[in-house]
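Visitor: I would like to go through this model one feature at a time. Please start wherever you like, and give me the cut-offs as we go.

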Amino acid sequence: MNRSKILGLAAIGAAAIAASGCTAIREPRGYIIDATLLQTVQPGIDNQRSVEGTLGRPTFASQYGQPTWYYVSSTTGRKPFVRPRIREHSVLAVKFDEAGNVVSAEQTGIDKVVYLSPDGDETPTLGRERTFLEDLFGNIGAVGAPGAAGPG
């Protein structure tokens, strides 16, 4: 082979390697949902112990109100040098009665996700605004001298 063919093949190989670095990366996060296992959780039959044996420990549990276990899963897609974006999102909520028996098992998707955008990048606080020098020298004279007796 002559030199130009070798350089051409090397250039094509380098372009293929560079292009493969631009593909999206899919990352599953959280609980990986198995549809077969979800169908085995039945209201009125299962309880907390059987749900834990079937699905495992929940991602988190409700602290107030009706006892509910949440199994959260997301799949994000990320391109190099770009913030990850949620492609798929699923929440399985298993609700229990006071005795620990399953009342319902509901699965929701990305349609229930709320995207919040903060208003600015500063948190407003109450009180007065102090400058750097006021912070640095503000306590001089405000505290008693070392070794002096306190009030009383």
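Visitor: Let's begin with Ser50: does it count as buried, partly exposed or exposed?
Guide: Buried means under 20% relative accessible area and exposed means over 50%, with partly exposed in between (1.4 Å probe, protein chains only). The relative accessibility of Ser50 is 24%, so this residue counts as partly exposed.

Visitor: Before we continue, which pLDDT must side-chain atom pairs reach to count?
Guide: Residues are numbered from 1 along each chain as its sequence is written, and side-chain values use heavy atoms, with hydrogens and water left out. This is a predicted model, in which totals for chains, interfaces and linings use all residues, local features need pLDDT of at least 70, and side-chain atom pairs count only at pLDDT 80 or more.

Visitor: Thanks! In what pattern do the helices and strands follow each other along the sequence?
Guide: Helices (H or I, at least four residues) and strands (E, at least two) are DSSP runs, numbered from the N terminus. The protein has four helices and five strands. Read along the sequence, they give α-β-α-α-β-β-β-β-α.

Visitor: Back to Ser50, then: how far apart in space are Ser50 and Val102, C-alpha to C-alpha?
Guide: Ser50 is found in helix α3. In sequence, Ser50 and Val102 are 52 residues apart. In space, their C-alpha atoms are separated by 9.7 Å.

Visitor: Which strand supplies the largest share of the largest nonpolar core?
Guide: A nonpolar core is a set of buried Ala, Val, Leu, Ile, Met, Phe, Trp, Tyr and Cys residues joined through side-chain atoms within 4.5 Å. The largest one has eleven residues: Tyr31, Leu38, Val41, Val51, Leu55, Trp69, Tyr71, Leu92, Val94, Phe96 and Val102. At least two of them come from each of α3 (48-55), β3 (68-78) and β4 (85-96). The largest share, three residues, comes from β4.

Visitor: Which residues does Leu55 touch, not counting residues up to four places away in sequence?
Guide: Contact means heavy atoms within 4.5 Å. Leu55 is itself one of the residues of the largest nonpolar core. Not counting residues up to four places away, Leu55 touches Tyr31, Leu37, Leu38, Val41, Tyr71 and Leu92.

Visitor: Moving to strand β3, which side chain makes a polar contact with that of Ser74?
Guide: Ser74 lies in β3 and counts as buried because its relative accessibility is 14%. A polar contact is a pair of N or O atoms within 3.5 Å; within protein, one must be able to donate a hydrogen and the other to accept it, and residues adjacent in sequence count only if both atoms are side-chain atoms. Leaving aside neighbours within four places, Ser74 is in contact with Glu27, Pro28, Arg29, Glu88 and His89. At 2.8 Å, the side-chain polar contact is with His89.

Visitor: And is Thr75 buried or exposed?
Guide: Thr75 is also found in strand β3. Its contacts beyond four places in sequence are Arg26, Glu27, Pro28, Arg85, Ile86, Arg87 and Glu88. With a relative accessibility of 13%, Thr75 counts as buried.

Visitor: How many residues apart are Glu88 and Arg26, whose side chains meet in a salt bridge?
Guide: A salt bridge is a side-chain nitrogen of Lys or Arg within 4 Å of a carboxyl oxygen of Asp or Glu, and the whole structure has five. The side chains of Glu88 and Arg26 meet at 3.3 Å, N to O. Glu88 is partly exposed at 44%, while Arg26 is exposed at 54%. The pair links distant parts of the chain, with Glu88 in strand β4 and Arg26 in strand β1 (residues 25-30), at a separation of 62 residues.

Visitor: How far apart are the closest N and O atoms of Asp135 and Arg130?
Guide: Both partners are partly exposed, Asp135 at 45% and Arg130 at 41%. They form a salt bridge, and the closest N and O atoms are separated by 2.8 Å.

Visitor: Last one: about what area does the nonpolar surface patch with Ile140 have?
Guide: Patches are made of residues with over 30% relative accessible area and no salt bridge, joining like charges within 9 Å and nonpolar side chains (Val, Leu, Ile, Met, Phe, Trp, Tyr) within 5 Å. Accessible areas come from the Shrake-Rupley method with a 1.4 Å probe; for residues, only the protein chains shown count as cover. Ile140 lies in the segment after α4 (132-137) and is exposed at 63%. Together, Phe132, Leu133, Leu136, Phe137 and Ile140 make a patch of about 590 Å².
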